[in-house]
Structures are given as C-alpha cells and as structure tokens.
Amino acid sequence: MRDTLTLDSICLDHASAVQKLASHPKIAETTNLPQPYPPNGAASWILSSMPRRVAGVEYSFAIIRDRDQTLVGVTSLMNVGQGEAELGYWIGHPYWGNGYATEANRRIVQFAFGTVGLDRLYARPLLRNHASCRVLDKIGFDLVDVFDNMFPKWEDSDSLCMYELKESVWRPVPRRVGIPSRSRVPSPERRSMRLPG
C-alpha cells in the first residue's frame, strides 16, 4: 500500500528534520539550497517564511508521512501575486523514489487553485533534473519553454525549463489524479494549515 501524506504549514517544530535533510549534498545539486547548508539554516528560513505566509505571498509546507509522522520533504508556493505563484519543492534523499513529490504536489496544486484562488502556477526546474520534470508532467504541468540559466549557483551551460499549469486546464483534474473529495483544505488566512491525506 502506498504511503499517505499530510502537508503541514512549516513551523519551527520542523526545523530539526528540515536541517538534517537539507544538509545532504544531493539536495543542493538540483535546488537553490546552499551547499554546504548553513548551521541553523532551516530555523532561519522558517522564521523568514512565516511573515510571508501571513502576508499571503508564500505558503510553505512540510511533507509528512502519515504512518510514522516523518518529515520527508518540503513544498512551497512562492512569489504569490497577480493570480500566480511559483511551485518549488524537494524530497529528502533517503525518501527518493516513493512518489512523495508527486502526491504532495497534487495536494498543493489543489490548495493553490481551490483555496488561494490562483489562476496559474509555474515551476523552473533544471533541465537535467529529470525526476522533477517527471513530477511536473505527472501532475498536469506543460513544458512551455527551455531557457539559459539565470541563477549564479548553476553553470552557464545549464538550462532551465519553464513549466506551467493553468487553473482552467486543471479544473477537471482532481478526480482523475485521486485527490479525495472529502479532503478539506483550510483557509489561507489561518497561520497553521494542515492539508489532510
């Protein structure tokens, strides 16, 4: 049986687990997380994210495996504004290959369109990050562009993909991708959000 997941609004209770997973060098290879990951980097990031959540410009969630309450990764809606947001996520290296990114991001897409009321989501994975690109394909994103790297962390030879998903296209998707209709997604005004599995 596939593991079920819950998304919890990120808070300092998650800092220790985030710190441990984010410190693995494999995570930094394909994300914008710094390497080496700084001491107390997780706590600093969480503290900085909280006012952005209250302001409604960023929503970050810990991805929790229900059977043992283990934090397996993080997913976020960033740069929220003008009806759109950027989706960013990572799964801890010990938990790769279990479908966690796909399931968690199906849920955050539902939150983005069904609760926050966004019209469009986009994501910019590295072209060489095949696993992330597959996740986006599975949850209904379309590849709309490939462009030269703009981030100083990566090599000039790297390329980025632009994926997008529009609410108008997504609308019939929830039943098809297996998001339970009984799932209740809380209001974005709440400081603590929990998206049930």
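Against which elements do the buried residues of helix 3 pack? In this predicted model, the buried residues of helix 3 pack against strand 1 (5-9), helix 1 (15-22) and strand 2 (59-65). The buried positions themselves are Gly41, Ala42, Ile46, Ser49 and Arg53. Helix 3 covers residues 41-55, and its length can be checked against an ideal rise: at 1.5 Å a residue, the 15 residues should span 21 Å, and the end C-alpha atoms are 22 Å apart, which agrees. After helix 3 comes Gly56, with a positive phi near 80 degrees.

The setting for this helix is a protein of 197 residues, 50% of which count as buried. The protein contains 7 helices and 8 strands. Among its contacts with a separation of 6 or more, 64% are made by residues 24 or more positions apart. The exposed surface amounts to about 10,200 Å², and carbon and sulfur atoms supply 50% of that area.

Helix 5 (residues 130-138) offers a second example of packing. Its buried residues are Ser132, Cys133, Val135 and Leu136. Viewed down the axis of helix 5, these residues fall within an arc of 155 degrees, so they line one face of the helix. His130 and Lys138, on the other side of helix 5, are exposed. The cover over the buried residues of helix 5 includes strand 4 (84-91), helix 4, strand 5 (120-123) and strand 7 (159-166). Just after helix 5, Gly140 adopts a positive phi of about 100 degrees.

Helix 4, one of the elements that cover helix 5, may be examined through one of its residues. Val109 belongs to helix 4 (residues 100-116). Is Val109 buried or exposed? Its relative accessibility is 2%, so Val109 counts as buried. Beyond its neighbours within four places in sequence, Val109 is in contact with Leu121, Ile139, Phe141, Leu165 and Trp170. Val109 can also be placed relative to Leu77: the two residues are 32 residues apart along the chain, and their C-alpha atoms are separated by 9.1 Å.

Helix 4 also carries a charged pair. The side chains of Glu103 and Arg106 form a salt bridge, at 4.0 Å from N to O. Because they are 3 residues apart in helix 4, Glu103 and Arg106 are separated by about one helical turn. An α-helix has 3.6 residues a turn, so residues three or four places apart point the same way. Both Glu103 and Arg106 are buried.

A further pair involves two strands. Glu164 and Arg120 form a salt bridge in which the closest N and O atoms are 2.8 Å apart. Glu164 lies in strand 7 and Arg120 in strand 5, so this pair ties together parts that are 44 residues apart in sequence. Glu164 and Arg120 are both buried.

How many salt bridges does the structure hold? There are 12 salt bridges in the structure. Among them is the pair of Asp3 and Arg67, whose closest N and O atoms are 2.6 Å apart. Asp3 lies in the segment before strand 1, and Arg67 in the loop between strand 2 and strand 3 (70-81), so the pair ties together parts that are 64 residues apart in sequence. With a relative accessible area of 58%, Arg67 is exposed.

Two further positions complete the account. Glu167 is located in helix 6 (residues 167-170). This residue has a relative accessibility of 14%; because buried means under 20%, Glu167 counts as buried. Not counting residues up to four places away in sequence, Glu167 touches Phe113, Leu118 and Asp119.

Leu143, by contrast, belongs to the surface description. Leu143 is found in strand 6 (residues 142-148), and its relative accessibility of 45% makes it partly exposed. Together with Leu127 and Val146, Leu143 forms a nonpolar patch on the surface. The accessible area of these three residues together is about 240 Å².

Technical notes:
Residues are numbered from 1 along each chain as its sequence is written. This is a predicted model: local features need pLDDT of at least 70, side-chain atom pairs count only at pLDDT 80 or more; totals for chains, interfaces and linings use all residues. Side-chain values use heavy atoms; hydrogens and water are left out. Helices (H or I, at least four residues) and strands (E, at least two) are DSSP runs, numbered from the N terminus. Buried means under 20% relative accessible area, exposed over 50%, partly exposed in between (1.4 Å probe, protein chains only). Contact means heavy atoms within 4.5 Å. Accessible areas come from the Shrake-Rupley method with a 1.4 Å probe; for residues, only the protein chains shown count as cover. The expected span of a helix is 1.5 Å times one less than its number of residues. Patches are made of residues with over 30% relative accessible area and no salt bridge: like charges are joined within 9 Å, nonpolar side chains (Val, Leu, Ile, Met, Phe, Trp, Tyr) within 5 Å. The arc is that of the directions from the helix axis to the C-beta atoms.
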